[in-house]
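Visitor: I am new to this structure and should be grateful for a close look at one part of it. Would you kindly show me how its helices pack against one another, and then what lies around them?

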Amino acid sequence: MTVPLSVLDLAPVDEGTSVGESVAGSVALAQAAERGGYRRVWYAEHHNMPMIASSATAVLIAHVAAHTSTIRLGAGGVMLPNHAPLTIAEQFGTLASVHPGRIDLGLGRAPGSDQATMYALRRDPSSADTFPRDVQELQGYLTGQSLVPGVKGVPAAGVDVPLWILGSSLFGAKLAAALGLPYAFASHFSPQALEAAVATYRREFQPSAQQAEPYVVAGVNVLAADTREEAEHHRAVVRRARALAFFARGRTLTDAEADLLLESGAGAQIDSMMVHTALGTPDEVRDQLDAFAALADADELITAHSAPTAAARVRSVDLTAQAVAAVPA
């Protein structure tokens with residue numbers, strides 16, 4: 001590989017497992033990524049999703065950091081409109097004080113939830129409109145140059161927490177470029193604007209104190225297994241699970257019923273979300289990742305290993321690292 005690899009972990013709660021077991025699986029995944037030379041592991045904020053255990057993102061990062069030694073850990077991302085910027089500065093300032101040089105903070109403006117959950121979070125429906133200003137307020141707390149007179153981020157001011165802008169549209173690309181921040185594109189589930197967004201970001205980038213040159217991370221799904229047949233089986237299971245999550249929420253379907261749902265049109269939508277997926281044996285995955293890195297014009301790839309069990313996800317991380325000789329930090 002000509003670019004470094006990282007890992008995106010949603011802390012999935014597999015069928016028949018507990019949240020505690022899911023978090024233990026996330027620890028094992030991060031430890032595998034650390035052994036394999038991956039650069040960072042990120043966790044995404046989601047709410048009201050029974051199969052995802054990464055809602056309290058900072059808490060999960062703290063736990064994983066305590067069970068790893070060197071790999072960078074961070075949010076990919078915190079949905080900033082759900083929170084007061086000062087609160088996030090305090091949380092991540094604390095994390096970086098305890099684990100110096102290891103903490104990233106990726107920021108998104110999506111709710112990470114549905115309308116009812118937005119109410120439960122006490123999120124104002126218009127809060128996304130202030131996202132650019134909120135990013136700058138948060139940045140001020142971390143740099144010790146608070147935009148709110150008389151308010152300091154404690155512990156945050158002067159603590160090294162690199163900010164990233166996450167997105168899947170031209171809005172995030174333009175904001176990251178204007179603020180001179182690195183940019184991560186969510187092409188692992190929303191690939192449509194990838195090339196246009198990256199081109200816009202690189203063209204409009206303005207250097208900043210944090211970032212002298214543009215830097216792009218692109219998301220890609222990975223299903224690496226010992227055989228092609230096993231990887232294909234994992235994809236079939238993942239497609240069924242996503243069809244249930246998106247189109248039959250709260251219902252229990254047999255595999256046959258899930259397959260009928262996929263055939264009725266759900267499958268086309270799921271496949272459009274997963275278009276950037278490296279699948280197969282390690283050598284096949286390596287070649288597909290190389291091709292995707294060139295397509296995305298990416299400086300780094302963040303790999304979402306979506307196999308249906310914790311053990312299979314760790315195996316996918318291990319096999320990918322062995323095949324591509326992941327570039328160390």
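Guide: What follows is an account of the helix packing, and then of a pocket and some points of the backbone. The model is a predicted one.

Helix H2, which covers residues 57–66, is a suitable place to begin. It packs against helix H1, residues 19–36, at an angle of about 55 degrees, and the two axes lie 9 Å apart. Because of that angle, H1 is oblique to H2. Their crossing is right-handed. On the H1 side the contact is made by Val23, Val27 and Ala30, and on the H2 side by Leu60, His63 and Val64. Of the residues in this contact of H1 with H2, five are nonpolar, one is polar and none is charged.

H2 also packs against helix H3, which spans residues 85–98; here the angle is about 5 degrees and the axes are 10 Å apart. An angle under 35 degrees counts as roughly parallel, and H2 and H3 are therefore roughly parallel to each other. Ala58, Ile61 and Ala62 of H2 make this contact with Gln91, Phe92 and Leu95 of H3. The contact of H2 with H3 likewise comprises five nonpolar residues, one polar residue and no charged residue.

A further pair is formed by helix H8, residues 228–247, and helix H9, residues 255–273. Their axes come within 8 Å and cross at roughly 85 degrees. Since angles of 65 to 115 degrees count as roughly perpendicular, H8 is roughly perpendicular to H9. From H8, the residues in contact are Arg239, Arg240, Arg242, Ala243, Phe246 and Phe247. They meet a series of residues in H9, among them Asp255, Asp259, Leu261, Leu262, Ile270 and Met273. The contact of H8 with H9 divides into nine nonpolar, two polar and six charged residues.

Attention may now turn from the helix pairs to a pocket. The second largest pocket has a volume of about 340 Å³. Its lining consists of 16 residues, and those nearest its centre are Gln139, Leu142, Thr143, Ala209 and Gln210. Helix H5, residues 131–143, supplies the largest share of that lining, namely five residues. By character, the lining of this pocket includes seven nonpolar residues, eight polar ones and one charged one.

Some points of the backbone complete this view. Most peptide bonds are trans, and most residues other than glycine have a negative phi. A cis peptide bond, however, joins Gly76 and Gly77, with omega at about 5 degrees. Gly77 belongs to strand S3, which runs over residues 72–79. The peptide bond from Val154 to Pro155 is also cis, and its omega is near -10 degrees. Pro155 is placed in the loop between H5 and strand S5, residues 163–167. Ala11, although not a glycine, has a positive phi of about 50 degrees. The position of Ala11 is in the loop between strand S1, residues 5–9, and H1, the helix that packs obliquely against H2.

Definitions and conventions
Residues are numbered from 1 along each chain as its sequence is written. This is a predicted model: local features need pLDDT of at least 70, side-chain atom pairs count only at pLDDT 80 or more; totals for chains, interfaces and linings use all residues. Side-chain values use heavy atoms; hydrogens and water are left out. Axes are lines fitted to C-alpha atoms, for helices over the stretch in contact, and angles run from 0 to 180 degrees between N-to-C directions. Helices (H or I, at least four residues) and strands (E, at least two) are DSSP runs, numbered from the N terminus. Angles under 35 degrees count as roughly parallel, over 145 as roughly antiparallel, 65 to 115 as roughly perpendicular and the rest as oblique. A crossing is left-handed if the near helix is turned anticlockwise from the far one by less than a right angle, and right-handed if clockwise. Contact means heavy atoms within 4.5 Å. Ala, Val, Leu, Ile, Met, Phe, Trp, Tyr, Cys and Pro count as nonpolar, Asp, Glu, Lys and Arg as charged, and the others, Gly among them, as polar. On a 1 Å grid over the protein atoms alone, a cavity is a set of points where a 1.4 Å probe fits but cannot get out, and a pocket is an open set with protein on both sides within 12 Å along at least five of seven lines; lining residues have an atom within 4 Å of a point. Grid points are joined across faces, edges and corners, and a volume is the space filled by probe spheres set on the points.
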